[in-house]
Amino acid sequence: MRKLARSLQVKTGVRVEATYDQYSSHKTVGWYLTWCDGPTIETMRRRATASSRGLAEVDTAQLRFRRESTDAAEVAAFLAFVLPHPAMLKEPPLDALMSHSTTDFPGKIDQSVWDMARFALTRPELADTYDKGRKAIDYIVKVGLNGLRLDMWLTGASRQADCQPAPPAVETDAVSGKVRRDLERMIDTVQAELVGGSTHRDDPRVQLLVAETSRRLLLEIVDQHQRRTAAHALVDGAGLSSLSTMIGLAPRTLGMRWGKDLDADLAPLAWLRDNAAAWASACAAAGSVLRGSRGFYPDQETRQDLWTLSDADATRGWRTLVQTPEAARRVLAVTRNRQPTGTEEALRSLGAQLQAHDQAAPPDRRERALRRTPSIPDAPPAEPSGPARALNDGWG
């Protein structure tokens, strides 16, 4: 039997052991072939049958097979199963979760898949856990394939300051059918507004022209979102050229794309960063005094804004205050003609601070260079939004 094990070890490339189990710890007493990962049980059984020919002392009909597994192989098999069909990751079928049992190793699993599997197993939250393979699969299901690739990318970027890794391809297959349908309905709504009441709204030429306008509008919205995100990083000390190269563009691409438009975003953000404590104090004071004011009955939107102001806290970082200027602007507009008694000083202070915010000049190159950092600070964790919590703020 051990001769058979040695033969299989040569043919499969994995260590195969033959042991005789005569104890009650297993259901069947007899010879066992044991190995880790490698071929599946079915594959090993076929190879054992073929290799046993000519070995009179071997009875493969009575032979038992015991296949063990490593965490890395379990995760790699799962990834190899779901990568061709990213949508199934939202609710992985049992076949995906049990894919190790049907996967031959080393097989044809790409090195990139092994890299992803090993990265998932190195997550800090798995440091002292049992069944790391299953926990790593749970992590992959939670963050998705794009999330896994992005986590790998930024982890590599933080470790290689001199040689930044190329950004991963963000797969659109991860977008669910529901989100796609919602987006299509939104585009239909935009195009209907653009067409207006034209009697030729169903003419293909009109539809194509309006679709082209919709394309420009969507690109403009995405560009604004991207510019605001870059502005946050620049205020924290990142360089625009390094941001551009990190996402796979030429060093000057983002700067040429936005030009002076970026200054309009940088100015209020830089002021907010430099005056976070005073601004948060003014916001919290105004929000609290208005919430406690008798005879002041705000609508739902104003209640949400007051919660945003009351919750302002500079110790959580200046980025958590980004929504407060617009909330303050709306609250000041609501109270402009009729200020509740006892709120005058708080509202005056808030108005003065907001005026300084609006008139702030963007940081010059020297100041931005002095704040330059080798890495981009992480964004603060998401806070519970106003509407969900404002329902319990004392107005019933």
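This passage describes the nonpolar cores, the cysteines and one buried threonine of a predicted model.

The largest nonpolar core of the model comprises 37 residues, and the greatest numbers of contacts inside this core belong to Leu240, Leu243, Leu262, Trp279, Leu309, Leu321 and Leu350. Eight helices are worth following here: H8 (204-235), H9 (240-246), H10 (253-258), H11 (261-274), H12 (276-291), H13 (300-310), H14 (324-334) and H15 (344-358) each contribute at least two residues to this core. Of these, H12 gives the most, with 7 residues.

Trp279 offers a good view of the packing. Leaving aside residues up to four places away in sequence, Trp279 is in contact with Trp271, Leu272, Leu321, Thr324, Pro325, Ala328, Leu350, Gln353 and Leu354. Apart from the largest core lies another, made up of 26 residues, including Ala73, Phe78, Ala120 and Tyr139.

Turning to the cysteines, the structure contains 0 disulfides. Cys283 has a relative accessibility of 0% and therefore counts as buried, the cut-off being under 20%. Cys36, in contrast, has a relative accessible area of 31%, so this residue is classed as partly exposed.

A last stop is Thr343, which sits in the loop between H14 and H15. Despite this loop position, Thr343 is buried, because its relative accessible area is 0%. The side chain of Thr343 reaches the backbone oxygen of Pro340 at 2.6 Å. With residues up to four places away in sequence not counted, Thr343 also touches Val289, Leu290 and Ser293.

Conventions. Residues numbered from 1 in each chain as written. Predicted model: local features only at pLDDT ≥ 70, side-chain atom pairs only at ≥ 80, totals over all residues. Heavy atoms only, no water. Core = buried A, V, L, I, M, F, W, Y, C linked by side-chain atoms within 4.5 Å. Buried < 20%, exposed > 50% of the residue type's maximum accessible area, 1.4 Å probe, protein only. Helix = DSSP H or I, 4+ residues; strand = E, 2+ residues; numbered from the N terminus. Contact = heavy atoms within 4.5 Å. Disulfide = S-S within 2.5 Å. Polar contact = N/O pair within 3.5 Å; in protein donor to acceptor, adjacent residues only side chain to side chain.
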